[in-house]
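Reader: I am new to this structure. Please take me through one part of it closely, and keep the sentences short.

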Amino acid sequence: MRHINFLAIATALFFFVTTPAFANGIYIGGGVGSAGIADSTSTPSGADFDESDAAYKIFGGYRFDWLPIVSLSGEVGYRDLGNPNAGAVEYQVTGFDYGALAGVGLGPVEVFARVGGMQYDLEKTNSGGKTSFDGNTPVYGVGVRFTLFGIGVRAEYEQIDIKELETVEMISVSAFYQF
């Protein structure tokens, strides 16, 4: 069911942004960074889990520049938060996300905030036993972006509130192209 919802959103966004009247705000991109996961589930040594691993995301969206210094964007994407592990304990979080970004800036530099959600798949492995979870969760964060001639770079900090974990956060640097 959740994949059907994402497919419906992606299809609607595709038809909306490929209409010639809206063709100048489309952007696509991808980023790499680090994802940290903290959980109160003890490791075999008795300590709480608090590890990080390399992460990546890909995204596409549409940007509205209604006022000279204010922008709004709608975005969909996919992210993989890597496989943070500590000995026999390993976590894997992946999923599709969606969000709205609101930015304020002058010239090519802009500060923005994100609010949205993620349809996640979580796998916990502890001493060979696997437990799987899935669901929808809020995603929010802040960032800064620099764009010049349609090519841009952005840095972000995002918090992902997965109920089965204490904290999940991602810090990333992304490159994007705005058509």
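Author: Start with a term. A salt bridge here is a side-chain nitrogen of Lys or Arg within 4 Å of a carboxyl oxygen of Asp or Glu. The model is predicted. By this rule, the count comes to 14 salt bridges. The part to look at is the run of strands 6, 7 and 8, with the charges and rings around it.

Take Arg-114 first. Arg-114 forms a salt bridge with Glu-156, and their closest N and O atoms are 3.4 Å apart. That is within the 4 Å limit, so the pair counts. The two residues come from distant parts of the chain: Arg-114 is in strand 6, Glu-156 is in strand 8, and 42 residues separate them in sequence. Where do they sit, buried or exposed? Arg-114 has 5% relative accessibility, so Arg-114 counts as buried. Glu-156 has 4%, and Glu-156 is buried too. The cut-off for buried is under 20%.

Now look at the frame that holds these residues. Strand 6 covers residues 109-126, and strand 7 covers residues 129-148. The two pair in the antiparallel sense over 18 bridges. One contact to find is Leu-122, whose bridge partner in strand 7 is Phe-133. Strands 6 and 7 form a hairpin with 2 residues between them. Ser-127 lies in that turn, with a positive phi of about 55°.

Follow the chain onward. Strand 7 pairs with strand 8, residues 151-160, again in the antiparallel sense. This pairing runs over 10 bridges. Val-142 has its bridge partner in strand 8, namely Tyr-157. Strands 7 and 8 also form a hairpin, with 2 residues between them. Phe-149 is found in the loop between these strands. Phi of Phe-149 is near 55°, a positive value in a residue other than glycine. Is this residue buried or exposed? Phe-149 has a relative accessible area of 79%, so Phe-149 is exposed.

A general point helps when you look along these strands. In a regular strand, the side chains alternate between the two faces of the sheet.

Back to the charges. Arg-145 forms a salt bridge with Glu-110, with 2.4 Å between the closest N and O atoms. Arg-145 belongs to strand 7 and Glu-110 to strand 6, and the pair links parts of the chain 35 residues apart. Arg-145 is buried, because its relative accessibility is 5%. Glu-110 is buried as well, at 6%. Arg-145 has another contact. Its charged end sits over the ring of Phe-112, 4.9 Å from the ring centre.

Glu-123 and Lys-130 show another setting. Their side chains meet in a salt bridge, at 3.6 Å from N to O. Glu-123 has 27% relative accessibility, so Glu-123 counts as partly exposed. Lys-130 has 59%, so Lys-130 counts as exposed.

Some salt bridges share partners. Which residues do they join into one network? The members are Lys-57, Glu-75, Arg-79, Asp-97, Arg-114, Arg-154, Glu-156 and Glu-158. So the network includes the pair we began with, Arg-114 and Glu-156.

Arg-154, a member of that network, leads on to the rings. Arg-154 lies over the face of Phe-59, at 4.0 Å from the ring centre. Phe-59 in turn belongs to a cluster with Tyr-27 and Phe-176, linked by ring pairs. A search of the whole structure finds 6 aromatic pairs. One of them is Tyr-27 with Phe-176. The pair is edge-to-face, 6.1 Å centre to centre, with 65° between the planes. Tyr-27 lies in strand 1 (residues 26-42) and Phe-176 in strand 9 (residues 167-178), so the pair ties together parts 149 residues apart in sequence. Tyr-27 is buried, with a relative accessible area of 3%. Phe-176 counts as buried at 7%.

Finish on the surface. Trp-66, Leu-67, Ile-69, Val-70, Leu-72, Val-104 and Leu-106 make a nonpolar surface patch of about 690 Å². Strand 3 (70-80) and strand 5 (89-106) are the elements that give two or more residues to the patch. Val-70, in strand 3, is one of the patch residues. Val-70 counts as partly exposed, because its relative accessibility is 31%. Patch residues need over 30%.

Note on methods
Residues numbered from 1 in each chain as written. Predicted model: local features only at pLDDT ≥ 70, side-chain atom pairs only at ≥ 80, totals over all residues. Heavy atoms only, no water. Patch = residues over 30% accessible without salt bridge, like charges linked within 9 Å, V, L, I, M, F, W, Y side chains within 5 Å. Areas by Shrake-Rupley, 256 points an atom, 1.4 Å probe, with all protein chains shown as cover. Helix = DSSP H or I, 4+ residues; strand = E, 2+ residues; numbered from the N terminus. Buried < 20%, exposed > 50% of the residue type's maximum accessible area, 1.4 Å probe, protein only. Phe/Tyr/Trp six-rings, centres within 6.5 Å; stacked < 30°, edge-to-face > 60°. Lys NZ or Arg CZ within 6 Å of the ring centre and 35° of its normal. Pairing = 2+ DSSP bridges.
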